[in-house]
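Trainee: Before we use this model at the bench, I would like to go through the terms applied to it and ask what each one rests on.
Mentor: Then let us look at it together.

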Amino acid sequence: MSDRITESASLYSIASDSRYEHLLYELETNDTSSVGLVIRAIYDGDEHKSFMEKLDARIKTHDKDIEKMCNFHYQGFIDSIRELLQVRTQAQKLNEGVVGINTEIRSSAAALAAKGEELCKARKTEHNIATAIESLSLCLPVLTTYAKLQKQMAEKRYYPALKTLEMLEHQYLPRVANYRFSQQMRENIPILRENIKDASMSELKDFLENIRKLSPKIGEVAMKHTNELLASDPVAVVRKKKRQAPAPPNPFTGEVEQNFKNVSLDASLDGDDDLSAQDMIDFSPVYRCLHIYTVLGLRDLFEDYYRKQRKKQALLVIQPPTNMHESVAEYKTYIHAIVGFFVIEDHILNTGNGLVTRSYLDEVWSMALTSIVNALRTHTAYCTDATLMLKIKYLIMIFNNTLRNYGYSVVQLTELLAEIREHYNEVLMQRWVQVFREILDEESFLPIEVQTSDEFDDIVNNFPFVDDGLQQKPFPKLFPFSSMVPKVYQQVKEFIYACLKFSDDLNLSHEEVCEMIRKSTNLLLTRTFSGCLSSSFRKPSLGLLQMVQIILDTGYLEQATVYLEEFVANITGAHVEAQFVSRNGPPAMFRVARADAEQQIIEKLQKKLDEFMELENYDWMLGEPQGHASSHIADMIAYLQSTLQAFNQLPVAVAQKTCKAACQHLADGMLHLLLQEEVRQVSLGALSQLNLDIIQCEQFAASEPVPGIEEDACLQYFAEMRQLLDLVMTWDWPTYFHDYGQETSKYPNVNPNNAIILLEKMREADKKTVFAVLKKSERDKKKLLETVLKQLRQLASAPIQP
């Protein structure tokens with residue numbers, strides 16, 4: 001067992017020795033890269049101590065080999081040393097020679113080195129100069145362009161500045177990208193571009209503010225030019241071409257190119273008044289801002305901003321001042337501002353390269369036109385001065401023509417002028433109301449009496465009246481009408497002239513003007529003058545004869561309307577076919593006033609009759625009648641006869657109507673007098689006296705107080721009174737009761753109620769006789785009266801038979 005162990009150890013030792021030899025061989029033969037592997041192999045096997053022992057043994061072996069080799073070569077080494085010692089002397093000599101040569105070379109090279117150094121410095125300076133020149137050549141255009149940019153911005157030439165900025169950014173700055181100032185400039189470019197945009201926008205805002213202030217002046221000049229064209233040729237303003245708009249500024253230089261061919265000599269001499277509206281304002285801020293925003297790709301934003309701002313200004317412009325209706329100056333300011341606004345927009349339309357489109361401008365004008373028309377309509381409605389309205393009309397007409405000349409639709413303005421014309425005519429009528437009232441207040445309504453031929457000719461010249469019979473009569477002559485007729489006729493002609501003033505320059509045909517004046521004149525006579533007449537009729541101081549004269553005067557005025565229509569046709573230049581002469585005679589213009597006058601005559605006549613009736617002094621307990629009519633009835637009949645005789649000059653229908661009304665009022669008054677509650681007792685003698693008065697009235701009614709009236713036309717009004725008196729005085733009650741309600745009745749107009757009232761009053765009168773009841777005849781009469789009253793009450797309470 002031990003032998004095996006010994007043998008195994010021997011084998012293991014042999015193997016270890018061979019391994020160590022291999023590792024030592026690796027260390028001796030290979031490069032240093034294998035050292036790490038050898039050391040790792042030693043330490044991995046935990047054999048470093050054994051290896052160190054082997055390594056030390058190997059080192060000692062090599063030291064012995066070296067020592068052997070040195071001993072072997074020692075003699076040769078000694079010989080070499082001796083030779084080296086001999087060479088030492090020669091080396092010293094050589095060293096001395098080399099040092100001398102070196103000293104000489106150094107002395108010679110020092111000067112050469114100095115020259116070389118100077119040459120290097122010169123070469124380096126030359127290179128630096130060339131480099132600086134090259135750098136300056138690159139930087140100088142950048143700096144020059146930047147300085148130009150600053151100058152353009154200082155001069156507010158923003159569009160050229162923007163072009164310069166683009167050139168600087170894309171052309172020059174890339175060449176000097178390595179320099180720090182280039183980076184700073186590049187960083188400042190967005191800021192500069194924003195500054196240019198803001199500055200141009202600020203300039204545009206200033207422009208918008210300025211044109212808002214200048215719009216009235218621009219509009220005034222534009223309307224002045226239109227007025228001058230109208231003065232020279234009313235049609236020229238329509239067919240006149242618009243002035244050529246000034247050219248927009250050059251988009252590359254920002255300068256406005258002047259077209260001296262369009263500037264007349266008068267414009268250069270007379271100043272601003274002869275310049276067009278577009279020449280009075282510099283539009284370059286708009287063009288510059290438009291170009292800038294276009295280059296920046298923000299054109300849509302700019303267009304939207306400009307249009308919104310101008311719409312806001314349009315809303316401000318079309319707002320009228322609160323007191324515009326007080327003076328024409330306020331109208332001028334308002335209209336001039338509107339014209340200026342749309343003249344400016346028209347100029348922008350023609351020169352703004354699409355900034356303003358026709359559809360947009362039409363939209364703004366349509367929106368503004370409605371407000372303008374409403375404002376003018378409202379404020380002119382407050383105007384009550386015809387002279388002021390003529391000025392307003394002329395101003396609106398120039399306003400209309402000016403805007404039409406610039407291509408705007410003005411149909412609503414034309415219609416507005418027609419409305420204002422109607423209001424103008426109303427204002428004239430209000431003025432003529434005062435004129436007519438003054439004429440009527442001063443008028444005595446008596447026929448005109450002239451003493452000389454001059455006075456006669458003066459009346460005939462002022463009023464178209466022809467009467468051969470009157471001309472043959474000697475002086476003094478009496479016209480059939482009062483002085484009101486020629487005065488009113490002349491005032492109507494003045495009214496026609498005033499109406500004609502508004503139609504001037506409205507481009508209306510002669511027939512249209514004639515028709516308008518005719519309608520206004522008809523309204524003046526039928527409404528205004530008739531209204532004044534109706535007011536005059538109600539004056540207490542106006543007598544019946546004066547009212548008769550007024551009716552006669554209206555007839556002459558109606559006959560003169562034919563001459564007025566011919567006068568209107570002549571001054572308007574209308575054709576003969578356009579004359580509105582009635583073929584059925586003169587129109588009844590004053591039928592309303594005449595009817596009112598007729599009613600007033602009737603009322604005054606009835607009032608006069610009431611005054612006579614108030615004079616009556618009936619003794620209702622009269623025993624015996626006087627044998628003749630009462631004095632107040634006789635006076636009343638005499639008054640009626642004389643008054644109705646004066647009515648002969650009136651139309652027959654009017655006189656007859658008045659006569660019938662007087663008779664009816666008289667009959668009703670007599671009946672009321674008999675049946676009034678204040679009269680409680682009526683004797684038979686009083687009835688007899690009343691019967692005599694009624695007979696007097698019936699004689700008057702039957703005497704044909706007015707020519708042409710029927711015989712029974714006036715008598716029928718006294719029929720009820722006559723039948724009642726006959727029935728009571730004759731005591732014909734059986735006939736009355738028998739025929740009541742029949743067509744053949746003798747007393748068809750007797751009302752049972754009226755009969756009851758009268759019989760009760762007669763019964764009260766009989767009670768006054770104390771001893772009458774003692775007589776049998778009186779007692780029988782009383783019973784009969786009661787019986788009659790009972791039957792009458794039955795008739796009164798019975799339903800009315802159809």
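Mentor: What follows takes several descriptions of this predicted model and sets each against its cut-off.

Trainee: What makes up the chain, in terms of helices and strands?
Mentor: The chain has 27 helices and two strands, and 39% of its 802 residues count as buried. Among its contacts with a separation of 6 or more, 79% are between residues 24 or more positions apart.

Trainee: Why are α10 and α11 called roughly antiparallel?
Mentor: The axes of α10 (residues 328-351) and α11 (residues 358-382) cross at roughly 175°, and angles over 145 degrees count as roughly antiparallel, so the two helices are given that description. Their axes come within 12 Å, and the residues in contact include F341 and F342 of α10 and V364 and W365 of α11. By class, this contact has 14 nonpolar, three polar and three charged residues.

Trainee: Which residues make the contact between α8 and α9?
Mentor: V286, C289, L290, Y293 and T294 of α8 meet R299, L301, F302 and Y306 of α9. By class, seven of these residues are nonpolar, one is polar and one is charged.

Trainee: What makes H632 buried?
Mentor: The relative accessible area of H632 is 6%, and buried means under 20%, so H632 falls in that class. H632 is located in helix α20 (residues 631-646), and, leaving aside residues up to four places away in sequence, it touches F612, L615, E616 and Y618. H632 also lies 9.0 Å from E614, C-alpha to C-alpha, with their positions 18 residues apart in sequence.

Trainee: Why is W731 described as partly exposed?
Mentor: W731 has a relative accessible area of 24%; since buried means under 20% and exposed means over 50%, a value in between is called partly exposed. W731 sits in the loop between α24 (719-730) and α25 (733-739), and has a positive phi of about 55° although it is not a glycine.

Trainee: How do you know that β1 and β2 pair?
Mentor: At least two bridges are required for two strands to pair, and β1 (residues 447-450) and β2 (residues 477-482) have three, in the antiparallel sense, so the condition is met. In this pairing, P447 stands opposite S482 of β2.

Trainee: What do the side chains do along β1?
Mentor: They alternate, with I448 and V450 pointing to one face, where they are buried, and P447 and E449 pointing to the other, where they are not. That agrees with the general pattern, in which side chains in a regular strand alternate between the two faces of the sheet.

Trainee: Where is P476, and what kind of peptide bond joins F475 and P476?
Mentor: P476 is in the loop between α15 (468-472) and β2, and the bond joining F475 to P476 is a cis peptide bond, with omega about -5°.

Trainee: Which residues have the most contacts inside the largest nonpolar core?
Mentor: They are F342, W365, F399, M484 and L674, in a core of 178 residues. Not counting residues up to four places away in sequence, L674 touches W620, V682, L687, L690, M721, L724, L725, L758 and K761. Apart from this core lies another, of 16 residues, among them C139, V142, Y172 and L192.

How values were computed
Residues numbered from 1 in each chain as written. Predicted model: local features only at pLDDT ≥ 70, side-chain atom pairs only at ≥ 80, totals over all residues. Heavy atoms only, no water. Buried < 20%, exposed > 50% of the residue type's maximum accessible area, 1.4 Å probe, protein only. Helix = DSSP H or I, 4+ residues; strand = E, 2+ residues; numbered from the N terminus. Core = buried A, V, L, I, M, F, W, Y, C linked by side-chain atoms within 4.5 Å. Contact = heavy atoms within 4.5 Å. Axes fitted to C-alpha atoms, helices over the stretch in contact; angles between N-to-C directions. Parallel < 35°, antiparallel > 145°, perpendicular 65-115°, else oblique. Nonpolar A, V, L, I, M, F, W, Y, C, P; charged D, E, K, R; others polar.
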